Amino acid sequence: MFEVMMYDGGVYRSAELFEAIEDVGGTVLHINRSAQMLMVTMSIPEEDRHVIEGIAKEIGGDIRSVPLAGTEIAVIGCTLGRHHMPHPVCDIAEAMRQGGAISVVMGLARGRGKSTSQISKREISIIDEYDAAIFMLGNFKPCVEAKRTLLEDISAPVILVSGPMPDGMEDCCEAIVSGVGRKAERMKSSEERAKLAEISEAVNQVLLRKKRQLEEDPLFIHPAELKLLLESYEPIDMCLRPAPIVLHLDGLRVKIPYREHKDYFDNLEVYGRKLPEIADIIESKLEDSSTLIKIRTMSQIEDMDRQAKE
């Protein structure tokens with residue numbers, strides 16, 4: 001299995017680091033250079049971590065794991081109003097970014113009220129585009145338990161964060177972290193920072209299970225490899241939106257409209273096959289501003305080849 005790590009050090013002798021990444025069959029995901037300092041996010045085989053750590057130590061840099069890198073996570077409040085979008089939502093989103101993930105904050109249109117809260121099919125389809133969804137509910141146990149209907153139809157892994165520990169919600173979410181309710185202050189104390197670390201670890205464990213499943217039936221191409229192919233396309237290279245290509249566990253989000261660039265996606269060759277043959281390409285439900293690419297697994301490709309021969 002591939003592991004995502006970050007190098008933090010100087011530019012001096014960094015060419016040796018890039019050579020080592022290539023030698024072990026890894027991929028550079030992101031490079032951030034500031035003056036003589038360099039930050040490199042990379043994906044390398046788990047068993048070759050010691051090689052990269054040795055090179056980094058030799059050239060005077062540090063290596064640390066970023067377990068959530070290569071994922072996109074939604075942090076969701078009941079509404080965007082100040083009653084339901086308190087500071088902990090932003091703190092949780094920032095904790096996800098520190099772990100390497102791309103995080104977004106969103107609110108439901110009609111999530112207010114114990115008896116009147118709702119979630120639309122469109123909202124569910126948008127949430128399902130992400131690798132995981134963190135739902136931030138409130139301080140009242142009956143209210144949290146009554147809002148289980150918001151989570152029941154979501155296919156993406158759900159991590160519930162609330163003040164009290166609710167009963168009877170284990171079957172509609174993958175993890176529950178209690179002790180974080182609504183408050184009008186940032187999470188600054190040592191206990192609060194420990195709770196953010198607990199949320200990060202819960203998300204990491206949920207995504208790790210998903211990674212293990214993909215390891216049993218691997219994707220036809222690793223998302224990082226497909227990202228390298230897509231980066232040469234000029235409209236993506238010239239895109240001014242933050243992170244024009246966002247990695248997912250099973251694919252990626254490309255921040256250009258599918259309809260305008262359909263011919264490119266349909267004709268892109270990947271290891272001798274056209275992209276639509278090895279992946280599902282769909283428009284994002286978020287204002288059709290992005291293209292989602294879900295890479296098929298090896299078993300799915302084999303089944304398609306078998307059916308084509310019959």
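**Exercise 1.** Does G107 count as buried, partly exposed or exposed, and what is its relative accessibility?

Solution. Keep in mind that this is a predicted model. Start by finding the residue: G107 belongs to strand 6, which covers residues 102–107. Next, take its relative accessibility, which is 26%. Buried would need a value under 20%, and exposed one over 50%. G107 therefore counts as partly exposed. As an extra step, look along the chain to S290, 183 residues away from G107; the C-alpha atoms of the two are separated by 20 Å.

**Exercise 2.** Classify the aromatic pair formed by Y264 and F265.

Solution. A ring pair is described by the distance of the centres and the angle of the planes. For Y264 and F265, the centres are 5.5 Å apart and the planes make an angle of 65°. Planes over 60 degrees apart count as edge-to-face, so this pair is edge-to-face. Now check the surroundings: Y264 is buried at 17% relative accessible area, and F265 is buried at 0%. Finally, widen the view: ring pairs join Y264 and F265 with Y233 and Y258 in a cluster. The total is 4 aromatic pairs.

**Exercise 3.** Describe the largest pocket and its lining.

Solution. Begin with the volume, about 650 Å³. Then turn to the lining, which has 23 residues; L29, H30, T41, I102 and A243 are the closest to the pocket centre. Sort the lining by character: 12 residues are nonpolar, 7 polar and 4 charged. Last, trace the elements: strand 2 (27–34), strand 3 (37–45), helix 3 (87–98) and strand 10 (245–248) each contribute at least two lining residues.

Methods
Residues are numbered from 1 along each chain as its sequence is written. This is a predicted model: local features need pLDDT of at least 70, side-chain atom pairs count only at pLDDT 80 or more; totals for chains, interfaces and linings use all residues. Side-chain values use heavy atoms; hydrogens and water are left out. Rings of Phe, Tyr and Trp (its six-membered ring) pair if their centres lie within 6.5 Å; planes under 30 degrees apart count as stacked, over 60 as edge-to-face and the rest as tilted. Buried means under 20% relative accessible area, exposed over 50%, partly exposed in between (1.4 Å probe, protein chains only). Helices (H or I, at least four residues) and strands (E, at least two) are DSSP runs, numbered from the N terminus. On a 1 Å grid over the protein atoms alone, a cavity is a set of points where a 1.4 Å probe fits but cannot get out, and a pocket is an open set with protein on both sides within 12 Å along at least five of seven lines; lining residues have an atom within 4 Å of a point. Grid points are joined across faces, edges and corners, and a volume is the space filled by probe spheres set on the points. Ala, Val, Leu, Ile, Met, Phe, Trp, Tyr, Cys and Pro count as nonpolar, Asp, Glu, Lys and Arg as charged, and the others, Gly among them, as polar.
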